[in-house]
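Student: I am new to this structure and would like a close look at a single part of it. Please take one helix and describe what surrounds it.

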Amino acid sequence: FIDRGLSPNLATVGMLVCGVLGSALQLVSPVAAVVGGLILVLYYLLDCVDGEVARWRQVEHARWGYYEYIFHFVVKPLVFAAVGITCWQQTGSVWMLGAAFSAAIATLWLKLFFAVPSLVFVGSVLRQGASGDRPYRQYLDDAAQRVAEQVSVSGDASSRPQAAGAREVFRLGFDRVTLRSLATNFDVGLALLVMVSAADLLLPSFDLLGLSGGSLRALWLCYYGLVLPLDFVDYVRSY
């Protein structure tokens with residue numbers, strides 16, 4: 001994108017197109033499901049690209065950040081819904097739709113769980129004349145004071161204040177944090193969806209929990225339909 005001079009907005013729109021198209025292909029045929037899974041991986045890559053390109057060119061815009069956020073709310077539940085409908089048609093069990101609904105709702109709620117505090121905070125900071133029981137603006141006042149102190153020392157208004165304390169760099173390792181990240185990450189799930197869809201082309205259907213017409217995609221769906229709600233409940237319990 002950078003070398004060819006492509007706009008990061010193209011990547012943002014592309015992620016929506018890839019997300020919707022990849023989800024729709026899950027409903028067509030087993031071969032189309034594999035192609036759709038690859039397109040969904042491209043959705044993830046474009047999701048990474050748009051922000052990186054925008055920051056590189058220093059053309060970040062709140063509007064397109066908003067669009068990207070909304071596109072996440074569209075694509076993620078759409079993927080689970082499409083796979084759920086396909087597995088329901090194959091097995092005839094409404095439990096597949098239940099697993100899709102469970103995974104989709106948990107994904108949305110978890111995203112809202114982390115987003116809403118930021119929205120409340122920013123909305124309160126931007127609201128002028130915050131009352132005494134909502135002292136959010138003190139954070140802006142503290143930041144302004146730190147900038148003023150930094151400027152008085154350096155004499156350069158463009159300089160940035162130094163961090164108050166050293167911040168430890170977070171690194172993934174062979175531990176429970178990494179395992180949980182891998183086990184619950186939606187984008188890792190997309191890569192797994194490609195693999196199980198490809199494997200379903202080679203493997204015959206089997207009985208799944210007493211249901212005929214089971215597949216690895218159905219197992220994939222049941223896994224996330226169980227794990228993602230537990231992940232959300234644990235975040236609520238912990239934080």
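Tutor: Begin at the end of helix α3, which is followed by Gly92, a residue with a positive phi near 75°. The model is a predicted one, and α3 is the part to look at here.

First, the setting. The chain has 8 helices and 2 strands, and along the sequence they follow the pattern α-α-α-α-α-α-α-β-β-α. Of its 239 residues, 32% count as buried. Among contacts between residues at least 6 apart in sequence, 68% join residues at least 24 apart.

Now α3 itself, residues 62–91. At 1.5 Å a residue, its 30 residues should span 44 Å, and the end C-alpha atoms are 44 Å apart, so the two values agree.

One neighbour is helix α1, residues 8–25. The axes of α1 and α3 come within 9 Å and cross at roughly 10°. An angle under 35 degrees counts as roughly parallel, so α1 is roughly parallel to α3. The crossing of α1 past α3 is left-handed. On the α1 side the contact is made by Asn9, Thr12, Val13, Met15, Leu16, Gly19, Val20 and Ser23. On the α3 side they meet Trp64, Tyr67, Glu68, Phe71, His72, Val74, Val75, Leu78, Val79 and Ala82. By class, the residues of this contact are 12 nonpolar, 5 polar and 1 charged.

Another neighbour is helix α2, residues 30–57. Here the axes of α2 and α3 come within 12 Å and cross at roughly 165°. An angle over 145 degrees counts as roughly antiparallel, so α2 is roughly antiparallel to α3. α2 also passes α3 in a left-handed crossing. Leu40, Tyr43, Asp47 and Asp50 of α2 meet Glu68, His72, Val75, Lys76 and Val79 of α3. This contact divides into 4 nonpolar, 1 polar and 4 charged residues. Glu68, His72, Val75 and Val79 are listed for α3 in the contact with α1 and again in the contact with α2.

The loop between α2 and α3 holds Gln58. Most residues other than glycine have a negative phi. Gln58 has a positive phi of about 60° although it is not a glycine. With a relative accessible area of 71%, Gln58 is exposed.

For a contrast within α2, take Ala33, which is placed in that helix. At 1% relative accessibility, Ala33 counts as buried. Leaving aside residues up to four places away in sequence, Ala33 touches Leu25, Gln26, Ser197 and Arg217. The C-alpha atoms of Ala33 and Val194 are separated by 7.9 Å, though the two residues are 161 apart along the chain.

One of the residues touched by Ala33 is Arg217, and Arg217 is among the buried residues of helix α8. The others are Ala218, Trp220, Leu221, Tyr224, Gly225, Val227, Leu228, Asp231 and Phe232. Helix α8 covers residues 216–238, and at 1.5 Å a residue its 23 residues should span 33 Å; the end C-alpha atoms are 32 Å apart, which agrees.

To return to the starting point: α3 runs roughly parallel to α1 and roughly antiparallel to α2, and Gly92 follows it.

Terms used. Residues numbered from 1 in each chain as written. Predicted model: local features only at pLDDT ≥ 70, side-chain atom pairs only at ≥ 80, totals over all residues. Heavy atoms only, no water. Axes fitted to C-alpha atoms, helices over the stretch in contact; angles between N-to-C directions. Helix = DSSP H or I, 4+ residues; strand = E, 2+ residues; numbered from the N terminus. Parallel < 35°, antiparallel > 145°, perpendicular 65-115°, else oblique. Left-handed = near helix turned anticlockwise from the far one by under 90°. Contact = heavy atoms within 4.5 Å. Nonpolar A, V, L, I, M, F, W, Y, C, P; charged D, E, K, R; others polar. Buried < 20%, exposed > 50% of the residue type's maximum accessible area, 1.4 Å probe, protein only. Expected span 1.5 Å × (residues − 1).
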